[in-house]
Amino acid sequence: MLLADFQQDYSPLNDSLGLSALVAILPLLVLFVLLGVVRMRAWLASLIAVVVAMLVAIVAYSMPVGDTFNSGLLGAAFGFFPIMWIVINAIWIYNLTVDTGHFDVLRRSFASISEDQRVQAIIVAFCFGALLEALAGFGTPVAISAVMLIALGFRPMKAAAIALVANTAPVAFGALAVPITTLAGVTGLPVEDLGAMVGRQTPILAVFVPLALVVIVDGRRGLRQTWAPALVCGVVFGIFQYLSSNFWSVPLADIVAALTSALAVLLFTRVWHAKEPYTEADTAGAGVDGVDGSGGAAPTTPRRPVDGGGSVRTSTETQVADPPAEVWKAYAPYLVIIAVFVLATRVPAITGKPPTKPGESGTGLEVATWILQWPGLHVVNEAGDPVATTFKLNLLSAAGTLLLISGLLTMLLLRIGVGRALRAYGRTLDQLKFAILTVMLVLALGFILNLSGQTITLGLFVAGAGGLFAFFSPLLGWLGVAVTGSDTSSNSLFGLLQITAAKEAGLSQVLMAAANSSGGVLGKMISPQNLAIAASAVGVQGKEGDLFRRVLGWSIGFVLFMCVLVYLQSTPVLGWMVVD
């Protein structure tokens, strides 16, 4: 170990893990209190939490000031690239379709499946959102699903809440199962076993998520009147996610489940109709939940669809019949995204092989990938082993770059000029400026917590529960995602800790590692970075605290359900479900 290295100490205060955990949790408590109680803007709450985390790292954990700042800078860089790089280009594609009017065409196509907005929420937020999660992951499905719901007439805060809660069951297999493959790399367990085990947990969750969505849309009446299509969607999604993850393909689990569940709902609504179809008032141009800045009801705005020649029609929604060519163009950007991601991730000659350490070069798309040692940052763990402090700059293979390529192809298909596209990109950056700042600050917070040892302190404290660790195991993943906003990051952070605790408690290592990912998906809706993305997408920046309170109950309720499920899987009651 070099003299300049910082060595982590997980019990820095009087060699007491409990006392150290009480101090280590302070930055998270500050963050969530400022968001949920004080209702502070997410970027400001995150900035204050970063300052608290730095003070704890420097004072309690004896982390050098330089290492502390560099940890935050590394996290901020990761927050922009690749995370916000994905969101920026995804929203840009959306804005291109808005400019041409084809987003309205897409909305009407979705609306034609059912006039009931409770069913529309299931199709858009859960099925279509799952497909986006499967391809891009991170904040893309939340951002695009939320704005699609607004276009369908949902109020902004409700649209954001629906999109956040829907983005749960698909997350573990998102971005072609990157969280699972990361977990395998950290733990050394087979990808197939971990994917199969997660595929025996999240499909059960999937059954209930569409039911939760109709409750968010229309309360108990929504559940009473539209439980049937919600249950069909959840059951079909769960069945095919299980089948794909256990028998067919782990990376394609979400794609298979999303498409089959959407088809199931489409077929079911051909023979089923709600007794009282639910439709919210059009809130286009409205403020939060349809209230204008003066506190009164916001005026409605007529929708402005394009006709076959691109001109604007003022007829009502029920009178609009879009030409087939325009409908095809409306779906084209998303078909392009699917094609680009499939080619880039499933064709070996294009995908290539990435470098594995600084100084190496890759092939294929990975030829423009570099692994950089972050300057001035050298950390070793308590055992003296180096902790990764590298930054991966994959310019061509990054999901955000693939979305950028998809956007360029969309320009050609929709005949959008360069100037118009650049103006849309500028508007996108302006729209997301606070979300970008928030996400960079949240990742700075996460990296400071991780590299100083604070997160491991919390994890070890929870892992000390012995046989009850099976119950608390999903909470570690939940905490990790709540802090980092990423199931991948949470698995990287706590995966090894999970299997270590499993060994000590005599529990299945595969079960505990999978529980980290399955529990983690339920922390995503309360992660400040995802709250910021959702709020920015629907135009309610500064209301992240209100949004946090709307989804917190669902997050806690679902994660407790997952805790019970995992605990029962660790006992003879449901032990038969565990992968051998």
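User: What makes Asp218 and Arg118 a salt bridge in this predicted model?

Analyst: Their closest N and O atoms are 3.0 Å apart. The cut-off is 4 Å, between a side-chain nitrogen of Lys or Arg and a carboxyl oxygen of Asp or Glu. Therefore the pair counts as a salt bridge. Side chains of opposite charge can pair when their charged atoms come close.

User: Which parts of the chain does this pair link?

Analyst: Distant ones. Asp218 sits in helix α11 (residues 202-248), and Arg118 in helix α6 (residues 117-135). They are 100 residues apart. Both Asp218 and Arg118 are buried.

User: What makes Lys524 and Glu133 a salt bridge?

Analyst: Here the closest N and O atoms are 3.8 Å apart. That is within 4 Å, so the pair qualifies. This pair also links distant parts of the chain: Lys524 is in the loop between α21 (509-520) and α22 (528-538), and Glu133 is in helix α6. The two are 391 residues apart. Lys524 is buried, and Glu133 is buried too.

User: How many salt bridges does the structure hold?

Analyst: Eight. One of them joins Lys433 and Asp430, with their closest N and O atoms 3.2 Å apart.

User: Why are Lys433 and Asp430 called partly exposed?

Analyst: Buried means under 20% relative accessible area, and exposed means over 50%. Lys433 has 41%, so it falls in between. Asp430 has 47%, so it falls in between as well. Both are therefore partly exposed.

User: Which residues do salt bridges with shared partners join into one network?

Analyst: Asp116, Arg118, Asp218 and Arg221.

User: Why do Cys127 and Cys233 not count as a disulfide?

Analyst: A disulfide is a covalent bond between the sulfur atoms of two cysteines. The cut-off is 2.5 Å between the sulfur atoms. The sulfur of Cys127 is 3.5 Å from the closest cysteine sulfur, in Cys233. That is too far for a bond. The structure holds zero disulfides.

User: How do you know whether these two cysteines are buried or exposed?

Analyst: Set each value against the 20% limit. Cys127 has a relative accessible area of 2%, so it is buried. Cys233 has 0%, so it is buried as well.

User: How do you know what span helix α7 should have?

Analyst: Helix α7 (residues 140-151) has twelve residues. At 1.5 Å a residue, counting one less than the number of residues, the expected span is 16 Å. The end C-alpha atoms are 17 Å apart, which agrees.

User: What makes α7 mostly covered?

Analyst: Twelve of its twelve residues are buried. Among them are Pro141, Val142, Ile144, Met148 and Leu149. After α7 comes Gly153, whose phi is positive, near 110°.

User: Why is Leu496 called partly exposed?

Analyst: Its relative accessibility is 47%. That lies between 20% and 50%, so Leu496 is partly exposed. Leu496 lies in helix α20 (residues 487-505). Its C-alpha atom is separated by 19 Å from that of Leu17, 479 residues away along the chain.

User: What makes Ile48 fit into a nonpolar patch on the surface?

Analyst: Patch residues need over 30% relative accessible area and no salt bridge. Ile48 has 31%, so it clears the area limit. That value also makes Ile48 partly exposed. Its place is in helix α3 (residues 42-60). The patch consists of Leu44, Leu47, Ile48, Val51 and Leu55, with about 370 Å² of accessible area together.

Methods: Residues are numbered from 1 along each chain as its sequence is written. This is a predicted model: local features need pLDDT of at least 70, side-chain atom pairs count only at pLDDT 80 or more; totals for chains, interfaces and linings use all residues. Side-chain values use heavy atoms; hydrogens and water are left out. Buried means under 20% relative accessible area, exposed over 50%, partly exposed in between (1.4 Å probe, protein chains only). Helices (H or I, at least four residues) and strands (E, at least two) are DSSP runs, numbered from the N terminus. Patches are made of residues with over 30% relative accessible area and no salt bridge: like charges are joined within 9 Å, nonpolar side chains (Val, Leu, Ile, Met, Phe, Trp, Tyr) within 5 Å. Accessible areas come from the Shrake-Rupley method with a 1.4 Å probe; for residues, only the protein chains shown count as cover.
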